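Q: Please show me how the internal spaces of a protein model and the surroundings of its ligand should be read.

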Amino acid sequence: MYEQQSHSLLNSILNRIEPEFEKQDLRYFYTRLGANFYAIHSLFEKIYGKRPDFAEQLLRLVETLARKYISRKPELRARDIAREQDYNWFLGQQWVGMALYSNGFAGNLQGVRKHLPYFQELGVNLVHIMPIMRCPEGKSDGGYAVSDFREIDPRAGTLEDVRELAADMRERDMLLVLDVVLNHTSDQHEWAVKARAGYSPYADYYFTFPTRNVPDMFEQSMPEVFPDTSPGNFTWNEEMQRWVMTVFNDYQWDLNYSNPAVFLEMLDIILFWANQGADILRLDAVAFLWKKIGSTCQNEREAHLILQLMKDCCQVTAPGVLFIAEAIVAPVEVIKYFGEDAVIAKECEIAYNATFMALMWDAVATRNAKLLNQGIRNLPVKLDQATWLNYIRCHDDIGLGIDDRDIVLAGYNPHEHRRFLIDFFTGEYPGSPARGLPFARNEKTGDTRISGSLASLAGLQHALDSGDAQAIDTAIRVVLLLHNLILSFGGIPLLYYGDEIGTVNDETYRSDPVKMDDSRWVHRPYIDWQRAARRNEPETPEYQIFTALKTMISARKELQAFADFNNRYLLEVSNPHLFVFERTNLFKSSDRVLVVSNFHTQPQKLSLDEVPGWGRNMSLVDAVGGQQPEHFDHTLVIPALGFYWLLER
Ligand code: GLC
């Protein structure tokens with residue numbers, strides 16, 4: 001949009017910075033800056049307009065964008081242009097991801113690079129490497145307490161390793177996802193060190209208070225993230241003689257985004273990682289970016305404005321780079337992280353589908369899909385140019401972030417049902433084969449979250465320990481049933497490293513003082529590559545899981561109806577154990593897939609008369625197995641814990 005006031009301001013900024021940049025070819029930069037400047041200016045003004053140094057800060061912002069554009073490598077610029085042309089590129093069904101810790105997966109970044117063929121063998125072409133930026137030797141919240149945003153932690157490798165990995169992945173048409181921890185820094189970060197020593201600009205990078213008055217005001221409405229290990233949201237700092245806001249662990253200092261200097265630092269860091277070759281940046285803990293007394297300090301309007309501004313800026317310098325919102329919040333709130341509008345108020349193109357994740361686990365525990373159906377029915381429709389990251393497990397705990405109203409509509413009492421789920425997954429419930437652990441038990445609210453690897457939660461650990469062949473088979477079926485859903489639901493499926501070979505809980509964290517208080521380490525494994533080699537030995541669980549996943553992934557890539565264009569239709573069927581939806585290719589309506597999943601441990605029936613458009617006379621074939629589905633008359637029979645991706649032949 002052309003608007004005179006912002007445009008004349010832009011002209012004056014460009015006049016000031018141009019001499020330095022005049023030998024550069026800035027054509028694309030100028031076009032994009034022109035297109036986005038009105039939005040950038042108005043957002044920046046909304047957030048920081050009252051400050052006397054507003055104009056100076058805006059100049060710094062434009063300078064940051066220009067500098068980072070100039071240092072962006074030609075191959076990355078070329079990729080930006082290609083993605084501008086093919087702007088729906090990330091919605092396609094060809095993308096299949098995996099998240100991993102580089103040290104746990106293969107020692108370090110060079111190890112990850114050596115194992116690129118492993119991903120290709122499985123069909124994974126998007127790899128999210130969890131934090132690799134420098135962090136303290138001791139506790140660092142698994143790398144989420146960063147002490148230097150522009151350096152790689154020596155335990156993971158070097159910047160050169162990242163660039164080489166990114167280049168190698170580009171050659172193989174694979175996408176690299178890296179984390180940027182926006183909300184806080186480690187207390188060892190230079191800014192925190194300087195703030196402690198009393199250097200003035202840095203004190204304003206954080207929230208610190210001389211007395212308990214302001215902290216106590218905040219605490220009245222702020223929940224606790226780690227109530228058992230790091231209660232409260234403030235930590236007393238002896239050196240400063242002040243309370244520091246620390247929403248996560250006491251060594252993670254929350255950044256103060258009401259200070260434009262913080263925004264500009266983080267913008268520069270985002271573009272720095274874009275320029276190292278990352279295709280997608282996972283923006284950590286975005287719900288927490290803005291703090292306001294009297295609120296939960298999550299999902300505040302300003303947090304959204306900050307993200308819109310980040311997106312508008314990134315589109316000027318590195319438009320091919322996407323953002324993932326890590327916002328593990330209620331469905332009505334999550335949806336807002338895509339932005340209000342795909343063009344004028346866009347935020348992140350991708351968001352974690354935590355609700356779907358929690359609902360799938362509910363279906364596993366209850367063996368029915370009542371709440372899953374109910375919850376998905378109420379999942380708000382997202383913007384067109386946005387997509388979900390669908391996952392079963394990740395490095396974090398499982399929070400039962402399911403809407404209480406949905407729990408009631410599914411026929412349960414919310415309190416009792418949550419209690420049941422926790423007992424079920426921690427193996428306390430009679431007959432439960434799950435071997436999860438409680439995480440962040442909150443004595444005040446009664447909340448508990450769950451840790452544990454997929455295989456252990458699905459019963460594989462218990463089954464292997466007891467040597468029960470049938471229980472092993474059941475657990476493997478659960479593992480595959482859940483993967484069937486993330487691969488077909490619509491969005492980018494994100495596998496979690498180790499799950500592809502049925503990795504069970506790793507108890508070694510209990511003897512490590514740095515990790516012992518945080519049960520999430522039980523599901524952050526070190527891959528045993530000798531065990532992984534068993535994926536080639538038929539009859540082993542590793543083989544059964546890996547091979548089945550490989551087949552499903554390659555089937556997914558062939559099904560255009562699985563591309564995510566908001567083209568999923570949930571079908572209401574009378575059998576409560578089934579979760580049934582249809583995916584349709586928007587560009588060819590005859591191209592449809594009927595996805596049927598059975599959460600029960602007995603075969604279940606589905607009458608085709610109940611499924612509109614999938615009539616009696618159709619000849620159906622399962623896209624995964626290539627066979628006709630089992631049926632009797634016009635009733636489909638879905639095997640115990642089985643699923644179909646049905647196509648009309
Ligand atoms: C995110 C990360 C989690 C971390 C937290 C604080 O939620 O996924 O592992 O503990 O942010 O950085």
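Q: Which strands each supply at least two residues of the lining of the largest cavity?

A: Strands are DSSP runs (E, at least two residues; helices are H or I, at least four), numbered from the N terminus. Here strand E2 (126–129) and strand E19 (492–496) each supply at least two lining residues. The model is predicted: local features need pLDDT of at least 70, side-chain atom pairs count only at pLDDT 80 or more, and totals for chains, interfaces and linings use all residues. Residues are numbered from 1 along each chain as its sequence is written, and side-chain values use heavy atoms, with hydrogens and water left out.

Q: How is a cavity defined, and which residues line the largest one?

A: On a 1 Å grid over the protein atoms alone, a cavity is a set of points where a 1.4 Å probe fits but cannot get out; a pocket is an open set with protein on both sides within 12 Å along at least five of seven lines, and lining residues have an atom within 4 Å of a point. Points are joined across faces, edges and corners, and the volume is the space filled by probe spheres set on them. The structure holds 3 cavities of 30 Å³ or more, and the largest contains about 40 Å³. Its lining includes Leu-126, His-128, Ile-492 and Leu-494.

Q: What classes of residue make up the lining of that cavity?

A: Ala, Val, Leu, Ile, Met, Phe, Trp, Tyr, Cys and Pro count as nonpolar, Asp, Glu, Lys and Arg as charged, and the others, Gly among them, as polar. The lining has 8 nonpolar, 1 polar and no charged residues.

Q: How much space lies in the largest pocket, and which helix gives the most to its lining?

A: The largest pocket holds about 1,500 Å³. Its lining comprises 49 residues, divided into 21 nonpolar, 14 polar and 14 charged. H18 contributes the most, with 4 residues.

Q: Where does the ligand sit?

A: A molecule sits in a pocket if more than half of its atoms lie within 2 Å of the pocket's grid points. The ligand sits in the largest pocket.

Q: Which side chains have polar atoms close to ligand oxygen atoms?

A: A polar contact is a pair of N or O atoms within 3.5 Å. Glu-326 has a side-chain N or O atom 2.9 Å from a ligand oxygen, as does His-395, at 2.9 Å. For Asp-396, the distance is 2.5 Å.

Definitions and conventions: Polar contact = N/O pair within 3.5 Å; in protein donor to acceptor, adjacent residues only side chain to side chain.
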